[in-house]
Amino acid sequence: MVCCLGSSDGLSQFSCQGIHAVGWALILPCFWFLDRLIAVCKSTTLEQTQRLEQECYLNPLKVFFGFIIFFILFFLAAPFALLGFILWAPVQACRRPFRYHREPPSSLERETQRGFELVGKASFGFATANLCLLPDGLARFNNLGHTQRRAAAIGQHIVHGVCRNDIRIFVDSPSSCGTLSPSNSILPASNSSSYGATERQAQSPVNHSNSAEVQVSIPQSNSQVVCVPSDDTKEPLDNSPSHLSNSNQNSNQRGHRSAPRALLSQGLGQKGDVPWEVSTLFPANVDILCLEEVFDKRAAQKLTQALRPVFGHILYDVGVYACQPPCRCSSFKFLNSGLFLASRFPVLEAQYHCFPNSRGEDALAAKGLLSAKVLIGQSSKQKRVVGYFNCTHLHAPEGEGEIRCEQLNMVTKWIGDFQAANTFPDEDVAFDVLCGDLNFDNCSPDDHLEQNHCLFEQYRDPCRAGPGKEKPWVIGTLLEQPTLYEDDINTPEKLQRTLEMEELRKQYISRPVPAKDLPLVYPESDQPWIGRRIDYILYRESSVSKHCRTEIEALTFITQLAGLTDHIPVGLRLNVIMDSDCAD
């Protein structure tokens, strides 16, 4: 089931959808020819290396004739695109600012938190990733090409990660000093390809929108513990997959778990520290996923197709187009916000706001805030348990912290307004999470305004020691684009090893941005080299129900998308414990 255009009158809605479809059909050929025109002239470093290895010297001819052919086709299609634009642009004023896909569940229990009302505690997993799924020609300026292939591969990787068996390795040795995360020595190796196609792929149903019940075959999300004794004794592993219609049921029955010792072996077992790891796979049983820079519509549809067997509720194509506000040409939006939200839980309410203060190239995209309220289940007092999840993508250019601070002000206000309008007395709020690409870090002198914003007084950042100071174990999440295909980081396993070695990751993680006209002194004496961490998952405790207590189970830096994006995804798992004796 997919909804895209909203209108109070059914006939008017149908007319708007028809005009939109006709207009876009006339625009698309011209848009595609322009995209190919740019793509044929711009190569990624991977393509350049492959041509050198293959001793292929015909690329100049390919560029020359490709440019001529696509320019002629673009020129011929331009009049039809102009006509389509005249039809398409006005109806954007009545467009709902997102598409909503709902995968019909076999039962309500399979998409809510079963057992929550009995045990009063649950574990919730969140993940965020910037995918740079721009139109192919534009993505190549970030050294990333083949947007459609990347989108399909990324969707398969995410499904493979979140649906895998949750294997925890406990090292029974006092000399343990490193995080042991799942690797090829434990899990079956994926089939190799240029874009890392996974071994297991979700089987998508044929009937996309009208099926009453959807059966898919995906790996079961079991939690397993592997004890590794210090005497090299080997224990057999049972890692066989099984079939189920919705893996959320297993995720919801997990309940509260203690932090694995493999995570604490990094020296983080002291009181107040956060268990963390660098993993080659997405965390098992992620409940809500936030993706940024999913600008391309076809790529968003490929992601939806891949993720829908696992995440039954998906918001994509989020944002506004054409003149915003309507009938004013001061800001024309060629791209949507790029936000993409996938949830196992039903979405009760959703609201999008567009930032009105964007400048330069960022003003061409409808960046903003997407807020969602999801249904988790019922408490022991039969009160409805809900959660709030917010995702955003802030202004990108360096040296413009004032704009980002204004956007942070809007984010805090919009979140407050959304929750005030949608929180009811007969509900318990289990979590309030904000995540996304904030385009500033906590170590660059140039980002000092954002680092001191009051948002961090409301929301907790698990990686933050204070304004301008990260915790010593934190790893930057922004990769240097020219080095994306270097041998040290071109696979998940290699990227994992590189991130765990400070001297090596300096070459691949973006350096902090110095203050204007001042030299950069980084890091300070006796401080580790971290690099730019601009991807955040924050959570707030003041807005959840008073009898709910939140604990961090684990924070994960994810290397599974090595070679597919220029960011390192981040995962966070929260344990929520509800004290039924204090419930109203």
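Let me begin with a definition: a residue counts as buried when its relative accessible area is under 20%, as exposed when that area is over 50%, and as partly exposed in between. With that in hand, please keep in mind that what we are looking at is a predicted model.

I will start with the backbone, and with H146, which sits in the loop between α5 (136–139) and α6 (147–162). The relative accessible area of H146 is 22%, and because that value falls between the two cut-offs, H146 is partly exposed. Its phi angle is near 55 degrees, which is a positive value in a residue other than glycine.

Now compare E293, whose place is in the loop between β7 (288–292) and α9 (297–307). Is E293 buried or exposed? E293 has a relative accessibility of 14%, and because this is under 20%, E293 counts as buried. For E293, too, phi is positive although the residue is not glycine, with a value near 60 degrees.

One further backbone feature deserves a look, namely the cis peptide bond that joins Y522 and P523, where omega is about -5 degrees. P523 belongs to the loop between α14 (502–505) and β18 (535–539).

Let me turn to the helices. N59 is placed in helix α3, which covers residues 59–91, and at 17% relative accessibility N59 counts as buried. The side chain of N59 is joined to the side chain of R51 by a polar contact of 3.5 Å. In helix α9 we find Q301, which at 42% relative accessibility counts as partly exposed. If you follow the chain, Q301 and A152 are 149 residues apart in sequence, and yet from C-alpha to C-alpha they are 9.4 Å apart in space.

Next, the interior. The largest nonpolar core has 72 residues, and those with the most contacts inside it are F124, F389, F431 and F557. There is also a second, separate core, made of 29 residues, which includes A153, V159, V286 and A342.

That leaves the aromatic rings, for which the count comes to 23 aromatic pairs. One of them is formed by W32 and F70, an edge-to-face pair with 6.1 Å from centre to centre and 75 degrees between the planes. The pair links distant parts of the chain, since W32 lies in helix α1 (residues 10–41) and F70 in helix α3, 38 residues apart. The two partners can be sorted by the definition I opened with: W32, with a relative accessible area of 35%, is partly exposed, whereas F70, with 18%, is buried.

Another pair, Y316 and F340, is tilted, with 6.4 Å between the centres and 40 degrees between the planes. Here it is strands that are linked, with Y316 in strand β8 (residues 313–316) and F340 in strand β11 (residues 340–343), 24 residues apart. Both Y316 and F340 are buried.

Finally, which residues do ring pairs link into a cluster? They are W24, F31, F85, W88, Y321, F332 and F334. Please look at K297 beside this cluster in the structure, as K297 lies over the face of W24, at 4.3 Å from the ring centre, and also over the face of Y321, at 4.8 Å from the ring centre.

Key:
Residues are numbered from 1 along each chain as its sequence is written. This is a predicted model: local features need pLDDT of at least 70, side-chain atom pairs count only at pLDDT 80 or more; totals for chains, interfaces and linings use all residues. Side-chain values use heavy atoms; hydrogens and water are left out. Helices (H or I, at least four residues) and strands (E, at least two) are DSSP runs, numbered from the N terminus. Buried means under 20% relative accessible area, exposed over 50%, partly exposed in between (1.4 Å probe, protein chains only). A polar contact is a pair of N or O atoms within 3.5 Å; within protein, one must be able to donate a hydrogen and the other to accept it, and residues adjacent in sequence count only if both atoms are side-chain atoms. A nonpolar core is a set of buried Ala, Val, Leu, Ile, Met, Phe, Trp, Tyr and Cys residues joined through side-chain atoms within 4.5 Å. Rings of Phe, Tyr and Trp (its six-membered ring) pair if their centres lie within 6.5 Å; planes under 30 degrees apart count as stacked, over 60 as edge-to-face and the rest as tilted. A charge sits over a ring if NZ of Lys or CZ of Arg is within 6 Å of the ring centre and within 35 degrees of the ring normal.
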